[in-house]
Each structure stands twice: as C-alpha cells, then as structure tokens.
Amino acid sequence: MNERWYEKPMRIAALQCNFEGGKTLEVVDTWKAIGFNVEQLFHPMADGYSALFDEKVHGALLREYLAKAHENGLRVILYLNIHILGPSLAHHYQEWAQQAKDGSFPKFYDTYYACCLNSPWRAYFFSSVQSLASYDIDGVFLDGPALIQGGCFCPHCRKKYHMTYAGAEIPDGPARKAF
C-alpha cells in the first residue's frame with residue numbers, strides 16, 4: 001500500500017517567531033540536519049507571537065522557502081493565527097475585535113485583542129487564505145478561533161444574533177453559548 005506523507009510518522013519542527021536575523025532560508029538546513037520531516041511554518045510571517053500571511057509582504061520569501069524545503073524533503077504546514085490580532089493589525093481592534101458586554105475589548109494573554117469571526121476580519125482572513133492557493137504548501141494549521149470570557153457582544157455579533165433570532169438581543173447563559 002502507498003502511504004501518503006501525512007499517514008507516516010511526522011517529526012515536526014516549529015520556530016515560533018522570527019529570530020533568525022535575515023537567515024530565514026538557513027532554517028531549512030537546520031531542520032534537515034536535525035532530522036525533521038515537517039515544519040509548522042510560522043517564522044517568515046511572524047508578527048510578534050502572531051502570524052497571518054500577507055502576499056505582498058511574505059509572498060516571495062514563502063515561495064523561495066517552500067522550494068528549498070521541498071528540495072530537502074521537508075513538508076510544510078503553514079501556521080495561521082485566527083484568534084488574535086497581531087501588532088500590525090491591532091489598530092483594527094474597534095472593528096475586528098471581540099467586545100465584552102460592558103463595551104470593553106478584552107485581550108488574550110493581556111496583550112492581543114481577540115478576533116471576532118462575525119466582523120469584517122473574517123473577510124480579511126479568508127482573503128489571506130485564498131491568496132495561498134497558488135503556493136505549494138502541504139497543509140494549514142489554524143490556531144484558534146477562541147472566545148473571550150462571557151462571549152462577544154460587538155455590533156457584528158449583536159446584528160447577527162438579532163437577524164438569526166427574529167429581533168432578539170444577545171442573552172447571557174445557555175442560549176448565548178449556543179449562538
């Protein structure tokens with residue numbers, strides 16, 4: 001029987017931030033020398049402790065990295081963060097972040113705003129994913145989504161709840177959790 005690469009044992013490497021000081025492509029050599037056969041690729045798109053692909057910023061490097069990785073027998077699973085707004089996206093928090101019932105914008109890890117899947121951030125994220133279609137990636141790892149304590153009460157969630165439940169306001173409790 002012909003096993004696919006993902007049905008075989010994986011030795012997965014991950015470099016969680018861009019610490020390689022302009023030597024990104026050399027990371028492939030390190031992974032190969034140590035014996036890894038898969039990488040959860042984060043570092044070329046790192047934005048602090050977040051990563052989201054932007055074709056204009058990361059496209060050329062990603063193509064080069066993927067070619068070198070595949071030449072060296074390394075499969076690449078691209079890491080995409082879908083639960084926080086990294087530093088370069090934080091200025092969108094009032095439109096894209098989850099909002100508590102009291103109107104505040106809680107942060108995960110006391111640092112990053114939480115993405116709201118019902119906000120325009122969703123379209124931004126899916127356009128990023130769609131732009132990856134022409135790249136020779138082997139898989140995608142989605143980190144998230146996650147929900148702030150108490151759930152999101154942003155205008156986008158309120159509107160969606162109102163439309164879904166015949167004009168009702170978002171309640172607290174089990175009905176809120178089902179939404």
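Author: Helices (H or I, at least four residues) and strands (E, at least two) here are DSSP runs, numbered from the N terminus. With that in hand, P145 can be placed in the loop between β9 and α5 (155-164). You're looking at a predicted model, where local features need pLDDT of at least 70, side-chain atom pairs count only at pLDDT 80 or more, and totals for chains, interfaces and linings use all residues. Residues are numbered from 1 along each chain as its sequence is written, and side-chain values use heavy atoms, with hydrogens and water left out.

Reader: What makes the peptide bond from G144 to P145 cis?

Author: The omega angle does. Between G144 and P145 omega is near 0°, and the bond is cis. It's worth a look, because most peptide bonds are trans and most residues other than glycine have a negative phi.

Reader: Speaking of phi, what is the value for Y109?

Author: Phi of Y109 is near 60°, which is positive, and this residue isn't a glycine. D110 also has a positive phi, near 60°, and isn't a glycine either. You'll find Y109 in the loop between β7 (107-108) and β8 (112-114), and D110 lies in the loop between β7 and β8 as well.

Reader: How do you know whether Y109 is buried or exposed?

Author: By relative accessible area: buried is under 20%, exposed is over 50%, and partly exposed is in between (1.4 Å probe, protein chains only). Y109 has 58%, so it goes down as exposed. D110 comes in at 74%, so it's exposed too.

Reader: And why is Q40 called buried?

Author: Q40 has 17% relative accessibility, so it counts as buried. This residue sits in strand β2. Leave aside neighbours within four places in sequence, and Q40 is in contact (heavy atoms within 4.5 Å) with I12, A13, A14, Q16, I77, Y79 and F141.

Reader: How do you know that β1 and strand β2 pair?

Author: Two strands pair if DSSP finds at least two bridges between them. β1 and strand β2 (residues 38-41) have 2 bridges, in the parallel sense, and that meets the cut-off. To find the spot in the structure, look for I12, which stands opposite V38 in β2.

Reader: What is the order of the open sheet?

Author: This sheet of 4 strands reads β1-β2-β5-β9, and the pairing is parallel.

Reader: What makes β1 and β9 edge strands?

Author: Each one pairs on one side only; the residues of β1 are 12-13.

Reader: Why is the link between E7 and R4 called a salt bridge?

Author: The rule asks for a side-chain nitrogen of Lys or Arg within 4 Å of a carboxyl oxygen of Asp or Glu. For E7 and R4 the closest N and O atoms are 3.4 Å apart, so the pair passes. E7 has a relative accessible area of 42%, so it's partly exposed, and R4, at 47%, is partly exposed as well.

Reader: How many salt bridges does the rule give?

Author: The count is 3. Another one joins the side chains of K68 and D29, with 3.0 Å from N to O. K68 sits in helix α2 (residues 55-71) and D29 in helix α1 (residues 26-34), and with their positions 39 residues apart, this pair links distant parts of the chain. K68 is partly exposed at 21% relative accessible area, and D29 is partly exposed at 38%.

Then there's R75 with D138, 3.1 Å from N to O. R75 belongs to strand β5 (residues 75-81) and D138 to the loop between α4 (121-130) and β9 (139-143), so this salt bridge ties together parts 63 residues apart in sequence. R75 is partly exposed, with 33% relative accessible area.

Reader: Which residues touch the most other members of the largest nonpolar core?

Author: A nonpolar core is a set of buried Ala, Val, Leu, Ile, Met, Phe, Trp, Tyr and Cys residues joined through side-chain atoms within 4.5 Å. The largest has 32 residues, and L62, L78, L85 and L132 touch the most other members. The elements giving two or more residues to this core are α1, α2, β5 and α4. Not counting residues up to four places away in sequence, L62 touches L41, F53, L78, L132 and Y135. A second, separate core has 7 residues, including C116, C157, Y161 and I170.
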